[in-house]
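Biologist: I would like to learn how to read a model such as this one, feature by feature. Could we go through it together, starting from the pairing of strands?

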Amino acid sequence: MSAADDFLRSARTIAVVGLSSDPLRPSHGVAAFLQAQGYRVIPVNPRETSVLGETAYSRLEDAPVPVDIVDVFRRSE
């Protein structure tokens with residue numbers, strides 16, 4: 001097992017930048033799946049107040065707990 005595998009297995013908190021409260025958006029589906037797998041999801045989106053039962057933050061730096069992984073969603077151009 002590699003160091004990357006060890007890191008991914010030990011990660012418990014994932015910030016999802018661009019997480020939308022719209023269940024039709026891909027970010028919402030991915031975050032809901034991560035929560036169902038036992039991860040804590042921290043929504044980061046200045047347009048949201050809460051998503052999937054978690055308080056949303058305007059900036060990644062505002063997250064109240066250390067984040068293990070950052071998952072970024074943005075619209076394709």
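Biologist: Which residue of strand 2 does A15 stand opposite?

Modeller: This is a predicted model, and everything I say should be taken in that light. In strand 2, A15 stands opposite I42, while V17 has V44 as its bridge partner. Strand 1, residues 13-17, and strand 2 run parallel and are joined by five bridges.

Biologist: With which residue of strand 5 does A15 stand opposite, and in what sense do strand 1 and strand 5 pair?

Modeller: In strand 5, A15 stands opposite V70, and strand 1 and strand 5 pair in the parallel sense over four bridges. A15 thus has a residue opposite in strand 2 and another in strand 5.

Biologist: How many residues of strand 1 are buried, and how many of strand 2?

Modeller: The cut-off to keep in mind is that buried means under 20% relative accessible area. In strand 1, four of the five residues are buried, so this strand is largely enclosed by the rest of the structure. Strand 2, residues 40-44, is mostly covered, again with four of five residues buried.

Biologist: What unit do strand 1, helix 2 and strand 2 make?

Modeller: Together, strand 1, helix 2 (residues 26-36) and strand 2 make a β-α-β unit, and this unit is right-handed. Just after helix 2, G38 takes a positive phi of about 100 degrees.

Biologist: Which residues of helix 2 are buried, and where do the buried residues fall when seen down the axis of the helix?

Modeller: The buried residues in helix 2 are S27, H28, A31 and L34. Seen down the axis of helix 2, these buried residues fall within an arc of 130 degrees, and therefore they line one face of the helix. They pack against strand 1, strand 2, strand 3 (50-51) and strand 5 (69-72). On the face of helix 2 turned away from this buried side, the exposed residues are P26, F33 and A36.

Biologist: H28 catches my eye; is H28 buried or exposed, and with which residues is H28 in contact?

Modeller: H28, found in helix 2, has a relative accessible area of 13%, so H28 is buried. Leaving aside neighbours within four places in sequence, H28 is in contact with L19, S20, S21, D22, P23, V51 and L52. A31, with neighbours within four places again left aside, is in contact with V16, L19, V41 and L52.

Biologist: Which residues make up the largest nonpolar core?

Modeller: The general idea is that in soluble globular proteins, nonpolar side chains tend to be buried together. Here the largest nonpolar core has seven residues in all, namely I14, V16, L19, A31, L34, V41 and V51. Strand 1 and helix 2 each supply at least two residues of this core.

Biologist: L52 is in contact with both H28 and A31; where does L52 lie, and what is the phi of L52 near?

Modeller: L52 lies in the loop between strand 3 and strand 4 (54-55). The phi of L52 is near 55 degrees, which is a positive value in a residue other than glycine. With a relative accessible area of 27%, L52 is partly exposed.

Biologist: Turning to helix 1, what does F7 touch?

Modeller: F7, whose place is in helix 1 (residues 3-10), touches D68 and I69, not counting residues up to four places away in sequence. F7 is partly exposed, with a relative accessible area of 41%. The C-alpha atoms of F7 and G18 are separated by 23 Å, and these residues are 11 apart along the chain.

Biologist: To finish with the whole chain, in what order do the elements run, and why is the chain as compact as a globular protein of that length?

Modeller: From the N terminus on, the elements run α-β-α-β-β-β-β. The radius of gyration is 12 Å, close to the 11 Å that the globule rule gives for 77 residues, so the protein chain is as compact as a globular protein of that length. Along its principal axes, the C-alpha trace spans about 40 × 25 × 25 Å. Of the 77 residues, 27% count as buried, and residues 24 or more positions apart account for 59% of the contacts with a separation of 6 or more.

Methods:
Residues are numbered from 1 along each chain as its sequence is written. This is a predicted model: local features need pLDDT of at least 70, side-chain atom pairs count only at pLDDT 80 or more; totals for chains, interfaces and linings use all residues. Side-chain values use heavy atoms; hydrogens and water are left out. Buried means under 20% relative accessible area, exposed over 50%, partly exposed in between (1.4 Å probe, protein chains only). Two strands pair if DSSP finds at least two bridges between them. A crossover is right-handed if, with the strands pointing away from the viewer, the path from the first strand over the helix to the second runs clockwise. Contact means heavy atoms within 4.5 Å. A nonpolar core is a set of buried Ala, Val, Leu, Ile, Met, Phe, Trp, Tyr and Cys residues joined through side-chain atoms within 4.5 Å. The arc is that of the directions from the helix axis to the C-beta atoms. The radius of gyration is taken over C-alpha atoms; the globule rule is 2.2 Å times the number of residues to the power 0.38.
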